[in-house]
Amino acid sequence: MTESVDALPAALRTEVRQKVLAQRLNRYRQRVQHTRTVVAEGRLVRMVGLTLEAEGCQVSVGGRCRVVSAGGHEVEAEVVGFSGERTYLMSVGDVGGLTPGARVIPTRHARETQVGEALLGRVLDGSGQPLDGGPMPRCEDRVSLHGRPVNPLARAPIREPLDVGVRAINGLLTVGRGQRMGLFAGSGVGKSVLLGMMTRYTTADVIVVGLIGERGREVNEFVQNSLGPEGLARAVVVAVPADHPPLMRMHGAMLATSIAEYFRDRGSNVLLLMDSLTRFAQAQREISLAIGEPPATKGYTPSVFARLPQLVERAGNGDHGQGSITAFYTVLAEGDDTNDPIADAARAILDGHVVLSRRIADMGRYPAIDVEASVSRVMTDIAAPGHLRSARRFKQIYAQYQQNRDLISVGAYQKGADPRVDEAVALYPRLEGYLQQDMGESVRLEDSVRALQELTPAAEAGEARRKSGATGVPLRAAKGESA
């Protein structure tokens with residue numbers, strides 16, 4: 001071979017030798033790529049509760065490990081912290097069967113998930129495995145569970161209202177496409193039913209539902225009753241009931257958000273429903289306390305309040321030309337205390353909140369929305385001026401009645417003492433009728449606004465009278481007419 005090459009002209013000889021050298025380098029490169037590298041394994045030295053402590057392994061926080069006992073029992077775990085030579089891991093499954101000295105083998109699996117159109121109509125667990133008995137979804141794309149940061153200046157502004165099919169929210173707490181809202185309530189007040197209504201009636205291309213830390217019985221009921229076959233066809237459900245480890249509950253919330261981000265980045269308008277944000281925070285609290293992080297407020301550690309905005313900020317509008325994620329997060333107010341640490345933190349990072357009142361639910365009015373305590377922070381940017389005036393007028397009349405409710409109930413108020421109270425007493429039954437809605441009834445946004453304006457026909461005139469009274473100009477003169 002060498003003699004034949006030497007017989008060639010100089011230029012051709014150089015070219016042949018370069019090709020041969022390139023082929024050799026390519027073969028060597030392939031051998032290096034397929035060579036198994038040495039992995040520094042560790043051993044399990046301590047297990048307290050759900051926390052595993054290992055020594056001898058080199059793996060970063062967030063990395064995955066296989067914990068293999070002498071009998072062959074294997075558990076997958078994730079690194080959640082370290083101290084000195086010890087590494088703290090949290091299992092993503094059942095830890096039963098592990099023994100002292102078990103091998104802790106780092107793996108190359110990053111916290112990623114498969115995503116694609118094949119997920120539509122499926123019910124998954126926190127690791128992306130199917131729960132509906134079907135085959136594993138075949139998806140080609142992969143995304144990180146942590147998502148990617150979005151430049152806040154690149155987000156498209158919220159300018160378009162979203163029809164959620166609930167009259168009280170459409171009319172008085174109008175939601176914008178790309179907004180992030182919270183549903184605040186105690187247990188058993190009807191937030192899951194309200195969530196199901198919005199699931200069926202909201203106009204969206206894709207629905208992603210995260211059932212995090214709730215009762216396992218509710219999963220099948222939500223899929224069968226709230227979604228139904230038609231709703232499930234355009235939905236992805238991620239269910240991690242309360243009996244799962246805390247790490248799996250956190251992964252379920254991040255998985256649902258990652259799936260929503262995938263469809264948003266491809267131009268779809270996504271509705272993300274997560275029940276509940278409180279269970280996500282409690283899962284993070286369990287992990288933090290287990291590895292020794294000191295508690296701050298009511299047992300919640302500082303990392304909990306850092307995790308909440310990291311999850312919530314991933315929702316919203318994408319870059320200009322992309323789709324949107326309109327998110328509803330349920331927040332469980334422990335003991336009906338809306339100033340609970342998680343409720344207070346969620347209220348600060350969300351774009352509005354809908355408060356469900358136990359007192360209203362006990363009266364038999366559903367959905368039990370407390371319009372006085374609820375607010376939509378983008379309503380002024382997306383609603384028409386006439387709609388805003390009618391909503392403001394509605395709240396004024398409703399608040400006037402609530403302020404004098406005790407006097408009216410015991411008969412201490414005399415008709416004619418205050419014209420504003422007289423008006424509130426006369427209109428209150430119609431206001432309650434507007435707020436009440438059957439769970440099987442859907443009310444469009446246009447019909448909600450029209451009914452609101454018909455209910456408060458004096459809004460325009462009342463606004464004009466107040467302006468004329470403030471300036472001292474008669475009403476007819478203010479309109480340009482002769483007095």
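Trainee: Which elements do the buried residues of α15 pack against in this predicted model?

Mentor: They pack against β10 (161-162), α3 (167-172), α12 (385-403) and α14 (419-435).

Trainee: And which residues of α15 are buried?

Mentor: In α15, which spans residues 445-455, these are L445, S448, V449, L452 and L455. Seen down the helix axis, they fall within an arc of 125 degrees, so they line one face of α15.

Trainee: What makes α14 roughly antiparallel to α15?

Mentor: The two axes cross at roughly 175 degrees and come within 11 Å. Angles over 145 degrees count as roughly antiparallel, so α14 and α15 earn that description.

Trainee: Which residues make that contact?

Mentor: From α14 come L427, R430, L431 and Y434, and from α15 come S448, A451, L452, E454 and L455. By class, six are nonpolar, one is polar and two are charged.

Trainee: Let's turn to the cysteines. Why is C57 called buried?

Mentor: Its relative accessible area is 6%, and buried means under 20%, so C57 qualifies. C139 has a relative accessible area of 13%, so by that cut-off C139 is buried too.

Trainee: How do you know that C57 and C65 are too far apart for a bond?

Mentor: The closest cysteine sulfur to that of C57 is in C65, 5.2 Å away. A disulfide needs the two sulfur atoms within 2.5 Å, so this pair does not count as one.

Trainee: How many disulfides does the structure hold?

Mentor: Zero.

Note on methods
Residues numbered from 1 in each chain as written. Predicted model: local features only at pLDDT ≥ 70, side-chain atom pairs only at ≥ 80, totals over all residues. Heavy atoms only, no water. Buried < 20%, exposed > 50% of the residue type's maximum accessible area, 1.4 Å probe, protein only. Helix = DSSP H or I, 4+ residues; strand = E, 2+ residues; numbered from the N terminus. Arc of directions from axis to C-beta. Contact = heavy atoms within 4.5 Å. Axes fitted to C-alpha atoms, helices over the stretch in contact; angles between N-to-C directions. Parallel < 35°, antiparallel > 145°, perpendicular 65-115°, else oblique. Nonpolar A, V, L, I, M, F, W, Y, C, P; charged D, E, K, R; others polar.
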